[in-house]
Structure formats: C-alpha cells, structure tokens
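Please open the model in your viewer and keep the selection tool at hand. The tour below goes from stop to stop, saying what to select and what can be found there.

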Amino acid sequence: MLLFIKLGFFDILDILIVAFIFYQLYRLVKGTVAINIFAGIFTFYLVWLLVGAFNMELISAFLGKFIGMGVIALLIVFQPEVRRFLLLIGSRYNLQNIFNLEKVFAKPGIQEHVSDAIVEACANFSATQTGALIVFQQNTELYNYAQTGVMMKAQVTDELIENIFFKNSPLHDGAVIITDNKILAARCILPVSDRRDIPGSMGLRHRAALGLSAVSDAYVVVVSEETGNITFFKDSKYKVRVSPEELRKLLSNDFSGFVVK
C-alpha cells in the first residue's frame with residue numbers, strides 16, 4: 001500500500017512555527033549548562049524506552065514515575081531559560097509596543113550629538129584602559145534595570161560619561177542606560193549571561209552586556225579595563241575591537257560591518 005502525505009498551507013505553517021520555537025530555544029541554551037541538562041534528560045528518556053522494550057518492569061515503573069512528572073519537571077529545571085524565552089518573545093519582537101501610539105510619534109534612532117559624545121568618551125576610555133558599560137534602549141523597556149541604579153535623566157555629554165566611569169567615581173561600577181537620547185540612570189545592574197562559549201578575556205561587564213542583549217533589543221557598548229578594546233553587543237551577538245569610526249556607524253544603525261559571534 002502506498003501512503004500519500006498531503007501537506008497543506010497550515011501544515012507547512014505548523015512545521016515552520018515549531019521549527020522556529022525549537023531554534024529560539026536552542027539559541028537560549030547554546031553554550032550554557034542548560035544544554036548539558038537537556039542532554040541528561042534526553043539520555044534518561046532513552047534509557048526508559050530501552051528498559052521498557054526489554055520488559056524490565058520494575059526499573060521501567062521506577063523511571064516512569066519521573067517521566068510522568070514531564071512538563072512540571074522541565075519547567076522547574078529550565079526555569080531561567082523559560083523565563084528568558086518568554087522575555088525574548090515579548091521583548092525582542094516588540095509585542096509590548098504593537099499598540100503603543102507613543103512609539104509611532106517618537107523620534108527614532110540615536111541623535112548625532114549623543115553618538116558623537118559616546119564615541120569621544122569611548123575613544124578616551126580605550127586609550128586610558130578605563131572600563132565602561134553603556135546601554136542604548138531601543139524598543140524594549142529597560143526601566144526595571146534603571147531602577148537598580150541611580151536615576152539621573154541628564155543630557156548626554158562626553159564629559160559626563162567620562163566622569164561617571166572615572167575609577168574613583170561612586171557611579172562607575174555598573175551600567176549607564178541611555179533612553180530617548182538622555183542618560184536615564186547610572187550604576188545599573190544587568191542580567192549576567194552564563195554562556196561558556198565566550199572568550200576568557202571577556203569579564204563581568206561583557207557578560208552583563210551579553211545577558212542584556214539576550215533578553216532585549218538594546219545596543220550595548222563595553223570598554224575593557226584590561227585591554228582597552230571596545231566591544232559592541234546586539235541580539236546576543238558581538239563584535240570585538242571596534243574602532244571609534246565603526247562604533248559611530250553601529251550607533252547610527254549601519255550594521256554592514258557587524259561581524260556576528
């Protein structure tokens with residue numbers, strides 16, 4: 001008997017949606033300890049299938065109790081990854097802003113004088129090996145992260161940015177968040193990425209930048225205190241050793257030279 005599989009439009013759409021969800025889940029767990037946990041659960045499931053196939057009733061029943069917990073166990077084990085996935089869907093794809101009329105009339109992009117100030121400050125930080133962590137809010141709301149620091153709502157100037165990240169400044173330890181072309185807050189705490197596939201030369205600032213870029217559409221600029229290198233982060237990707245001119249282009253949404261990692 002020949003079996004004919006008929007695929008309609010909605011069948012193809014169903015497959016694409018499931019593939020998209022699995023791809024996003026893979027991106028979230030790639031390079032983290034969660035991928036090892038997933039491999040362990042998959043191995044556990046294979047063992048349960050094997051003992052069932054060989055009619056080993058006692059151990060099969062024992063393992064079946066754990067398998068029966070199923071979704072609940074997965075939610076407990078992968079709670080951070082599930083939370084990040086929901087944040088990705090709700091934030092990066094801008095579901096919160098679909099009906100937000102303020103975004104329709106808001107002036108898009110980073111203004112030139114802000115970009116110039118940041119580039120000038122970062123060039124000086126790079127020359128003096130001064131650490132810095134600067135966040136540019138896009139569509140994803142970052143007010144919760146801003147509340148962990150000191151609210152400022154100040155104009156962006158290279159002098160102010162350099163004073164904030166001056167090594168003896170009480171505000172230097174943490175991130176500066178820039179919203180609507182103004183400094184919203186300084187000394188902010190960001191979520192730290194637990195990815196293990198990033199270079200050892202990247203420190204806590206870089207992990208914080210990577211962590212925020214994974215749950216939002218923000219642009220993040222990091223200047224290394226050890227090497228003076230400027231790194232640009234966007235959508236869980238980054239480019240190391242960015243020159244001031246490259247940084248200016250990236251801040252103006254020119255990603256033609258953005259080498260993803």
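Two strands are said to pair if DSSP finds at least two bridges between them, and strands themselves (E, at least two residues), like helices (H or I, at least four residues), are DSSP runs numbered from the N terminus. This is a predicted model, in which local features need pLDDT of at least 70 and side-chain atom pairs count only at pLDDT 80 or more, while totals for chains, interfaces and linings use all residues. Residues are numbered from 1 along each chain as its sequence is written, and side-chain values use heavy atoms, with hydrogens and water left out.

**The whole chain**

Begin with everything shown: the chain has 10 helices and 7 strands. Of its 261 residues, 36% count as buried, where buried means under 20% relative accessible area, exposed means over 50%, and partly exposed lies in between (1.4 Å probe, protein chains only). The accessible surface, computed by the Shrake-Rupley method with a 1.4 Å probe and, for residues, with only the protein chains shown as cover, comes to about 15700 Å², and 64% of that belongs to carbon and sulfur atoms. If contact is taken as heavy atoms within 4.5 Å, then among contacts between residues at least 6 apart in sequence, 61% join residues at least 24 apart.

**Strand β1**

Now select residues 132-136, which are strand β1. This strand is largely enclosed by the rest of the structure, because 5 of its 5 residues are buried. Look along β1 and you can see that A132, I134 and F136 point one way, whereas L133 and V135 point the other way.

Add β5 (219-223) to the selection, and you have an antiparallel pairing with β1 over 5 bridges. Then add β3 (175-179), which runs parallel to β1 and is joined to it by 3 bridges. Which residues are the bridge partners of V135 in β5 and in β3? In β5 the partner of V135 is V220, and in β3 the partner is I177.

**Helix α6**

Next select residues 112-128, helix α6. The expected span of a helix is 1.5 Å times one less than its number of residues, so the 17 residues of α6 should span 24 Å, and its end C-alpha atoms are indeed 24 Å apart. Colour the buried residues of α6, which are V114, S115, A117, I118, V119, A121, C122 and F125. An α-helix has 3.6 residues a turn, so residues three or four places apart point the same way. The cover over the buried residues of α6 includes β1, α8 (158-164), β3, β5, β6 (230-234) and α10 (244-251). Just after the helix comes Q129, whose phi is positive, near 55°.

**The nonpolar cores**

A nonpolar core is a set of buried Ala, Val, Leu, Ile, Met, Phe, Trp, Tyr and Cys residues joined through side-chain atoms within 4.5 Å. The largest one here has 29 residues, and those with the most contacts inside it are I118, F136, I161, L247 and L251. At least two residues of this core come from each of α6, β1, α8, β3, β4 (182-188), β5, β6 and α10, and α6 gives the most, with 7 residues. Centre the view on I118: leaving aside its neighbours within four places in sequence, I118 is in contact with I134, F136, V156, I161, I178 and L251. Apart from this core lies another, of 22 residues, among them L133, V135, A146 and A218.

**Aromatic pairs**

Rings of Phe, Tyr and Trp (its six-membered ring) pair if their centres lie within 6.5 Å, and planes under 30 degrees apart count as stacked, over 60 as edge-to-face and the rest as tilted. The structure holds 5 such pairs. One of them joins F9 and F10, which are edge-to-face, 5.3 Å centre to centre with 75° between the planes. F9 counts as exposed at 62% relative accessibility, and F10 is exposed at 64%. Now select F125 and F165, whose ring centres are 5.8 Å apart and whose planes stand at 80°, so this pair is also edge-to-face. Because F125 lies in helix α6 and F165 in the loop between α8 and β3, the pair ties together parts that are 40 residues apart in sequence. Are F125 and F165 buried or exposed? Both are buried.

**Two last stops**

Select K153 in strand β2 (residues 150-155), a residue other than glycine with a positive phi, near 55°. K153 counts as exposed, at 61% relative accessibility. Finish at N253, in the segment after α10. N253 is not a glycine, yet its phi is positive, about 70°, and N253 is partly exposed, with a relative accessible area of 41%.
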